[in-house]
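Work through the exercises below with the model open. Try each task before reading its solution.

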Amino acid sequence: MKNNRLPLIVGAFISIALIVAIFVVYNYKNNQVNSASDEQPKTTETNKTTEQDSTATEKPDNTATPAKPEQQPDENGYLPNQTLPTEPTYINGILLANKIYPLPSTFAPEENPEAREALNQMLAAAKQQGFDLVAFSGYRSFEYQTTLYDNYVKRDGQAAADRYSARPGYSEHQTGLAFDIGERGKEDVWLTEEFGETPAGQWLFAHAQEYGFILRFPQNKEEITGYMYESWHYRYVGKEIAKEITNKNITLEEYLGVK
């Protein structure tokens with residue numbers, strides 16, 4: 001009788017052992033899954049923090065206004081014995097080039113593609129209104145500006161040339177964001193105040209802001225800009241800024257807080 005029960009007892013022990021083993025394995029796997037689940041959000045959170053820090057580090061800080069020069073400008077508006085910088089001046093992301101904040105001689109960005117696209121749209125809109133406008137001068141290299149300025153000085157003298165032409169390194173044309181604009185067929189008023197009095201010049205002044213341009217050297221602002229009124233010289237700054245500057249009737253210097 002005992003011999004007949006032995007197989008049953010052994011079988012029962014084996015069954016119990018299997019059940020215990022299955023239970024242990026099941027609990028172990030559950031613990032592993034839960035552990036992995038608990039760690040995943042921490043890893044994701046860490047990655048997000050790293051990405052945010054990286055982005056913040058890579059953003060250029062263009063909000064600071066350059067220190068005002070200690071020297072007083074000379075009679076032509078330039079700082080005496082000023083040397084050209086190694087880096088261009090940006091204020092709130094806007095590139096500035098004038099008699100106080102020059103560009104490096106090596107700064108050669110060529111023509112700005114965004115400014116060219118906006119210019120093309122503006123010229124096309126003008127043509128629809130019957131005005132055949134053309135940008136007859138755009139980007140100028142440091143070397144070209146040197147030749148141009150020297151020729152003006154030889155012709156008119158330095159004091160006169162400084163009112164309408166920038167010294168090399170100080171020209172907005174070197175930024176690739178400025179254009180001299182005139183009307184085809186009326187070349188006799190190119191580079192003259194009279195262009196601003198023509199219907200084409202008046203249309204340009206009224207609508208340039210819609211395409212991101214400002215009249216860079218307006219009337220009665222020579223004391224601020226350093227240059228005489230130039231009805232033909234337009235500078236690209238983007239639509240929002242151009243509208244604000246135009247609506248307030250201020251210059252780029254006043255908008256940037258350097259005057």
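**Exercise 1. Find how β5 and β6 are joined, then locate the pair of F213.**

Solution. Three bridges link β5 to β6, and the two strands run antiparallel. In this register F213 stands opposite Y236 in β6. Strands are DSSP runs of E with at least two residues, helices are runs of H or I with at least four residues, and both are numbered from the N terminus. Two strands pair if DSSP finds at least two bridges between them.

Some ground rules. The model is predicted: local features need pLDDT of at least 70, side-chain atom pairs count only at pLDDT 80 or more, and totals for chains, interfaces and linings use all residues. Residues are numbered from 1 along each chain as its sequence is written, and side-chain values use heavy atoms, without hydrogens and water.

**Exercise 2. Trace the other side of β6 and assemble the sheet.**

Solution. Step one: β4 and β6 are antiparallel, joined by three bridges. F179 stands opposite Y234, and D180 stands opposite H233. Step two: write the order, β3-β4-β6-β5, an open sheet of four strands with antiparallel pairing. Step three: find the edges. β3 (133-137) and β5 each have a single partner strand, so one side of each lacks a neighbour in the sheet.

**Exercise 3. Are the residues on the two faces of β6 buried or exposed?**

Solution. In a regular strand the side chains alternate between the two faces of the sheet. In β6, H233 and R235 lie on one side, Y234 and Y236 on the other. All four are buried. Buried means under 20% relative accessible area, exposed over 50%, partly exposed in between (1.4 Å probe, protein chains only).

**Exercise 4. Which residues of α5 are buried, and what covers them?**

Solution. The buried set is A200, G201, W203 and L204. Down the axis of α5 they fall within an arc of 160°, so they line one face of the helix. The arc is taken from the directions from the helix axis to the C-beta atoms. The cover includes α2, β3, β4 and β6.

**Exercise 5. Place F213 in the nonpolar core.**

Solution. A nonpolar core is a set of buried Ala, Val, Leu, Ile, Met, Phe, Trp, Tyr and Cys residues joined through side-chain atoms within 4.5 Å. The largest has 29 residues; M122, L133, I181, W203, L204 and F213 touch the most other members. Its largest share, seven residues, comes from α2. Beyond its neighbours within four places in sequence, F213 has contacts (heavy atoms within 4.5 Å) that include A115, M122, F179 and Y236.
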